[in-house]
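I set out to record what can be looked up in this predicted model. My entries take up a pocket, a helix and a core in turn.

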Amino acid sequence: LSATSTLYEDCGIDKSTAISLAKELAKESLQYIDSNKNYNHFIEGPIKRGDIETIQKNIQSLCNENVRSIYSALGRFAVTLSDHTEAIKQQLIKSM
């Protein structure tokens with residue numbers, strides 16, 4: 001929670017709101033994990049669609065280099081869990 005709230009704060013969100021957002025994100029994530037046993041279901045958005053253009057736009061729009069690095073690292077890991085072919089996985093990973 002600390003890392004998440006710090007990232008929110010780095011993007012200009014006040015500490016109290018950042019902590020609330022981090023708690024809510026953690027709670028929703030754990031509820032989703034508990035209700036779904038297939039980890040491929042956790043992959044959503046542009047990674048699931050293989051949408052390299054949107055992934056790159058998302059990275060460029062992030063508020064600082066630390067946030068971009070974390071987003072990219074988590075994205076690369078998420079790609080490994082996806083149902084994409086190895087060739088598409090490599091393209092997605094390269095885009096991050």
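I first sorted the lining of the largest pocket by residue type: 24 residues are nonpolar, 4 are polar and 2 are charged. The space in this pocket comes to about 1,100 Å³. Of its 30 lining residues, I noted Leu25, Ser29, Phe42, Tyr71 and Leu74 as the closest to the centre. I then looked up which helices contribute to the lining of the largest pocket: α1 (2-10), α2 (15-35), α3 (45-49) and α5 (65-81) each supply at least two residues.

I turned next to helix α6, which spans residues 86-95. Which of its residues are buried? I found Lys89, Leu92 and Ser95 to be so. These three lie on the same side of α6, because they cover an arc of only 125 degrees around the axis. On the face turned away from that buried side, I listed Glu86, Ala87 and Lys94 as exposed. The cover over the buried residues of α6 includes α3, α4 (52-61) and α5.

My last entry concerns the largest nonpolar core, which has 8 residues. Its members are Ile43, Ile47, Ile55, Ile59, Ala78, Val79, Leu92 and Met96. Helices α4 and α5 each give at least two residues to this core. Leu92 thus appears in my notes both as a buried residue of α6 and as a member of the core. For Ile59, I set aside the neighbours within four places in sequence and found contacts with Arg68, Tyr71, Ser72, Ser95 and Met96. Of these contacts, Met96 is also listed in the core, and Tyr71 is among the residues closest to the centre of the largest pocket.

Definitions and conventions: Residues are numbered from 1 along each chain as its sequence is written. This is a predicted model: local features need pLDDT of at least 70, side-chain atom pairs count only at pLDDT 80 or more; totals for chains, interfaces and linings use all residues. Side-chain values use heavy atoms; hydrogens and water are left out. On a 1 Å grid over the protein atoms alone, a cavity is a set of points where a 1.4 Å probe fits but cannot get out, and a pocket is an open set with protein on both sides within 12 Å along at least five of seven lines; lining residues have an atom within 4 Å of a point. Grid points are joined across faces, edges and corners, and a volume is the space filled by probe spheres set on the points. Helices (H or I, at least four residues) and strands (E, at least two) are DSSP runs, numbered from the N terminus. Ala, Val, Leu, Ile, Met, Phe, Trp, Tyr, Cys and Pro count as nonpolar, Asp, Glu, Lys and Arg as charged, and the others, Gly among them, as polar. Buried means under 20% relative accessible area, exposed over 50%, partly exposed in between (1.4 Å probe, protein chains only). The arc is that of the directions from the helix axis to the C-beta atoms. Contact means heavy atoms within 4.5 Å. A nonpolar core is a set of buried Ala, Val, Leu, Ile, Met, Phe, Trp, Tyr and Cys residues joined through side-chain atoms within 4.5 Å.
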